[in-house]
Amino acid sequence: MRVAAASAICGTRHVLPGEGLAGEYGRSRAGTPLLVARPAAVEEVQGLVRLAAGERVPVVAWGAGTRQDWGPPLTGMRPTLFIDLRRLTHPRAVNADNLTATVGAGMSLADLDALLAPAGLCWPVERLDGVTPTVGGTVATAASGPSRRAIGPTARWVLGAEAVTADGEVVHAGGQTVKNVAGYDLTRLLVGSWGALGILTA
Ligand SMILES: Cc1cc2nc3c(=O)[nH]c(=O)nc-3n(C[C@H](O)[C@H](O)[C@H](O)COP(=O)(O)OP(=O)(O)OC[C@H]3O[C@@H](n4cnc5c(N)ncnc54)[C@H](O)[C@@H]3O)c2cc1C
């Protein structure tokens with residue numbers, strides 16, 4: 001995969017050759033990336049995934065990288081495109097009456113706290129001090145702590161999700177209501193899927 005092709009999708013400043021980035025991305029189980037791309041919109045994620053699919057380049061979704069080293073190293077991986085989602089931070093909606101918020105998957109939990117506090121809302125799952133994961137990474141890993149015994153699993157707090165599948169299709173699961181029961185509950189399938197079913201974008 002050429003830098004130019006990925007740059008045409010998300011801009012030259014936001015596509016970097018993997019060599020030289022081992023410090024930031026080297027702890028990945030997939031090894032050092034071929035390229036790192038930092039999209040700022042779902043259409044850019046879609047374009048990058050389609051480009052990678054066309055060239056049969058594996059893709060790794062990258063949040064804040066706090067759990068990229070969990071599990072044994074992946075051996076025999078072809079050179080990989082890392083899609084770093086930390087520019088996908090835009091809030092889409094905060095609805096205090098509904099107790100819901102919709103945000104870009106690359107938003108950090110710290111920024112989510114700052115967004116929700118004025119509306120009297122919060123993300124209820126506790127965090128590890130000194131770690132600033134993304135919303136997408138937290139949902140993708142179903143991260144939780146000891147409070148899970150009181151407040152339930154992370155999936156309980158995720159009503160819907162938007163994701164880009166491996167062939168570049170944008171899919172929407174769930175919605176902004178708890179009583180959204182028609183069809184399969186794809187949201188719960190995506191929570192804890194570790195990026196295997198698609199890249200969460202919101
Ligand atoms: C020891 C330890 C304890 C922790 N305890 C807690 C805790 O109690 N509560 C808590 O909330 N957090 C905790 N965390 C933080 C936790 O790592 C993150 O909440 C979350 O699991 C990873 O977020 P991240 O943005 O760093 O994702 P990353 O580490 O970058 O990615 C983790 C996995 O998710 C995938 N992924 C990332 N973003 C996306 C996306 N947008 N779409 C699809 N897949 C994606 C990646 O491909 C990878 O497989 C802890 C971290 C550590 C190291």
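Which nitrogen or oxygen contact does L200 make with the ligand, and at what distance? A backbone N or O atom of L200 sits 2.8 Å from a nitrogen atom of the ligand. The model discussed here is predicted.

## Ligand contacts

Two further polar approaches can be listed. A backbone N or O atom of E126 also lies 2.8 Å from a ligand nitrogen. T138 contributes through its side chain: a polar atom there lies 3.2 Å from an oxygen atom of the ligand. On its own the ligand exposes 960 Å², and the protein buries 88% of that.

## The shell around the ligand

The ligand is surrounded by 28 residues. The closest of them are A61, T66, R67, T134 and T141. By class, the shell splits into 13 nonpolar, 13 polar and two charged residues.

Which elements supply at least two residues each? They are strand 3, helix 5 and strand 9 (199-200). Helix 5 gives the most, with five residues.

## T138 in helix 5

T138 belongs to helix 5, which covers residues 135-141. Is T138 buried or exposed? The cut-off for buried is under 20% relative accessible area. T138 has 5%, so it counts as buried.

Beyond its neighbours within four places in sequence, T138 is in contact with L109, W123, P133, A143 and T154. One of these partners, L109, is a buried residue of helix 4. The ligand is a further neighbour of the T138 side chain, with the 3.2 Å polar pair given above.

## Helix 4 and its cover

Helix 4 runs over residues 109-116. L109, L112 and L116 are buried in it. Seen down the helix axis, the buried residues fall within an arc of 50°, so they line one face. The spacing follows a general rule: an α-helix has 3.6 residues a turn, so residues three or four places apart point the same way.

What covers these buried residues? The cover includes strand 5 (91-95), strand 6 (100-103) and helix 5. Helix 5 thus appears in two settings: it is part of the cover over helix 4, and it gives five residues to the ligand shell.

## Two loop positions

L74 lies in the loop between strand 3 (59-62) and strand 4 (81-84). Its relative accessible area is 36%, so L74 is partly exposed. Not counting residues up to four places away in sequence, L74 touches R29 and A30. L74 and G31 are 43 residues apart in sequence, yet their C-alpha atoms are 7.8 Å apart.

K179 is in the loop between strand 8 (170-174) and helix 7 (186-190). Its relative accessible area is 73%, so K179 is exposed. K179 and R86 are 93 residues apart along the chain, and 31 Å separates their C-alpha atoms.

## S7 in helix 1

S7 is found in helix 1, residues 3-10. With a relative accessible area of 10%, S7 is buried. Leaving aside neighbours within four places in sequence, S7 is in contact with T12 and V15.

Terms used. Residues are numbered from 1 along each chain as its sequence is written. This is a predicted model: local features need pLDDT of at least 70, side-chain atom pairs count only at pLDDT 80 or more; totals for chains, interfaces and linings use all residues. Side-chain values use heavy atoms; hydrogens and water are left out. Helices (H or I, at least four residues) and strands (E, at least two) are DSSP runs, numbered from the N terminus. Buried means under 20% relative accessible area, exposed over 50%, partly exposed in between (1.4 Å probe, protein chains only). Contact means heavy atoms within 4.5 Å. The arc is that of the directions from the helix axis to the C-beta atoms. A residue is near a molecule or strand if one of its heavy atoms lies within 4 Å of it. A polar contact is a pair of N or O atoms within 3.5 Å; within protein, one must be able to donate a hydrogen and the other to accept it, and residues adjacent in sequence count only if both atoms are side-chain atoms. Accessible areas come from the Shrake-Rupley method with a 1.4 Å probe; for residues, only the protein chains shown count as cover. Ala, Val, Leu, Ile, Met, Phe, Trp, Tyr, Cys and Pro count as nonpolar, Asp, Glu, Lys and Arg as charged, and the others, Gly among them, as polar.
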